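Let's take a walk through this structure together, from the inside out. Have a look at the sequence and the model first.

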Amino acid sequence: MPLGLIALALGAFGIGLTEFVIMGLLPEVAGDFQVTEATAGWLISGYALAVVVGALGLTAATTKLPRKPVLLGLIVLFIIGNVLTATAVTYEMALLGRIIAALCHGAFFGVGSVVAAGLVAPERKAGAIAIMFTGLTAANVLGVPFGTFLGQQAGWRSTFWAISAIGVLAFVGIAFLVTISHEEQEEVHLRHELRAFRSGQVWLSLLVTVLAYGGMFGAFTYIAYTLTEVSGFASSAVPWLLVLFGAGLVVGNTVGGKLADKALDLTLFVFIVALVIVLIVFALFAASQIVTIIALVLMGGFGFGTVPGLQTRIMIYAGGAPTLASGANIGAFNVGNAIGAWAGGLGLAAGLGYTAPIWIGAGITVLAVVVMTIAWGNAHRSQFTTDSQSAGASATAASLAAAD
């Protein structure tokens, strides 16, 4: 394994911790700033929307710059945002810190995915991307539960100070372990990168990403309330229940990456359908602690198991212009995050109860199944047409050769 992948995974760990740990601390943050649950949810939705801006804006702005300095600069932005959140004296200041930290998110994973894929052989690209995203899953297994525990015991601000320190370590790791050869660092032009968006499959892939991830986050954003108010767990149990969700993420990310290298669209379709089923069962039986525990693991597994495949798919259909498309897909993940959090918040504000976000997430994921079916079908027809044309050309060439 190239050491550069470990460094990228370390950066992913810090960024993943920033994104997800707030969900376990949402009640504490809301109480500290004396805002409603839905308003506190904007610390998640606002972060997600800022990721989209950074994924497109910063990726586009840095296309001509060497990728390693870009990654280091993004980590510096990440550290600044988390320090601001940790020192916030008002809700608005905390939201600003979240937004600043989020700006680096999409560009980091977008550029990092291209770098990770370039470190290995072509047939191992999805696996390499999965290794980088292992940092994100590890953040959920180790970082989020302990970050939530730390925040509950020493105040939520202590968690963001710890995240800032992780950012410093990530900076050092990337500086010393990520190496990009001159051949790999070809000059990239924005106009060339924009050509990727002429592909219908790129747009279908982005939409699948929005809906699949949005469905999972529709259910997960307010999971702390579901666990305590519906399933009957004590608030002190929430960090350890998040370990189960994180364990599902790790397994799903690893298995999904390996299967996607063998059968990309089939893997995505099966995982998204399975996620729909899990969410429906979870919503129906959330009052059962046993079902809730199982659902948390499976929700994380099937939900995050799509990430390596979705990231690989858009890079494939982007052709020779993967950088901006890769960043756009990271933005799409967070558009889904924002939509899921917003829609789940509407369900809560309407008084539909703490299982409403799960039902809403299931509905969003059903739409992902529909779009994935269309994308898969179109890709299959295009491949069939290409193969038929190639076979026809070969037959014609053979006939001419025989005539000669």
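**From the core to the surface**

Start at F109: setting aside neighbours within four places in sequence, this residue is in contact with A12, I15, M132, F133, L136, Q311, S326 and I330. Keep in mind as you look around that the model is a predicted one.

Where does F109 sit in the bigger picture? It's part of the largest nonpolar core, a set of 118 residues. F109 is also among the members that touch the most others, along with L8, F108, F133, F220 and M299. Helix α1 gives this core its largest share, 16 residues. As a general point, nonpolar side chains in soluble globular proteins tend to be buried together.

Next, find helix α9, which runs over residues 200-220. Is this helix mostly covered or mostly open? Mostly covered: 18 of the 21 residues in α9 are buried. Its length adds up too, because 21 residues at 1.5 Å a residue should span 30 Å, and the end C-alpha atoms are indeed 30 Å apart.

Now come out to the surface. Here L3, I6, V76, I80, V168, F171, V172, F176 and L177 form a nonpolar patch, and together they have about 790 Å² of accessible area. Three helices each give two or more residues to the patch: α1 (3-33), α4 (67-86) and α7 (156-177). Which of them gives the largest share? That's α7, with five residues.

Finish with L3, which you'll find in helix α1. L3 counts as exposed because its relative accessibility is 52%, and the cut-off for exposed is over 50%.

Key:
Residues numbered from 1 in each chain as written. Predicted model: local features only at pLDDT ≥ 70, side-chain atom pairs only at ≥ 80, totals over all residues. Heavy atoms only, no water. Patch = residues over 30% accessible without salt bridge, like charges linked within 9 Å, V, L, I, M, F, W, Y side chains within 5 Å. Areas by Shrake-Rupley, 256 points an atom, 1.4 Å probe, with all protein chains shown as cover. Salt bridge = Lys/Arg side-chain N within 4 Å of Asp/Glu carboxyl O. Helix = DSSP H or I, 4+ residues; strand = E, 2+ residues; numbered from the N terminus. Buried < 20%, exposed > 50% of the residue type's maximum accessible area, 1.4 Å probe, protein only. Core = buried A, V, L, I, M, F, W, Y, C linked by side-chain atoms within 4.5 Å. Contact = heavy atoms within 4.5 Å. Expected span 1.5 Å × (residues − 1).
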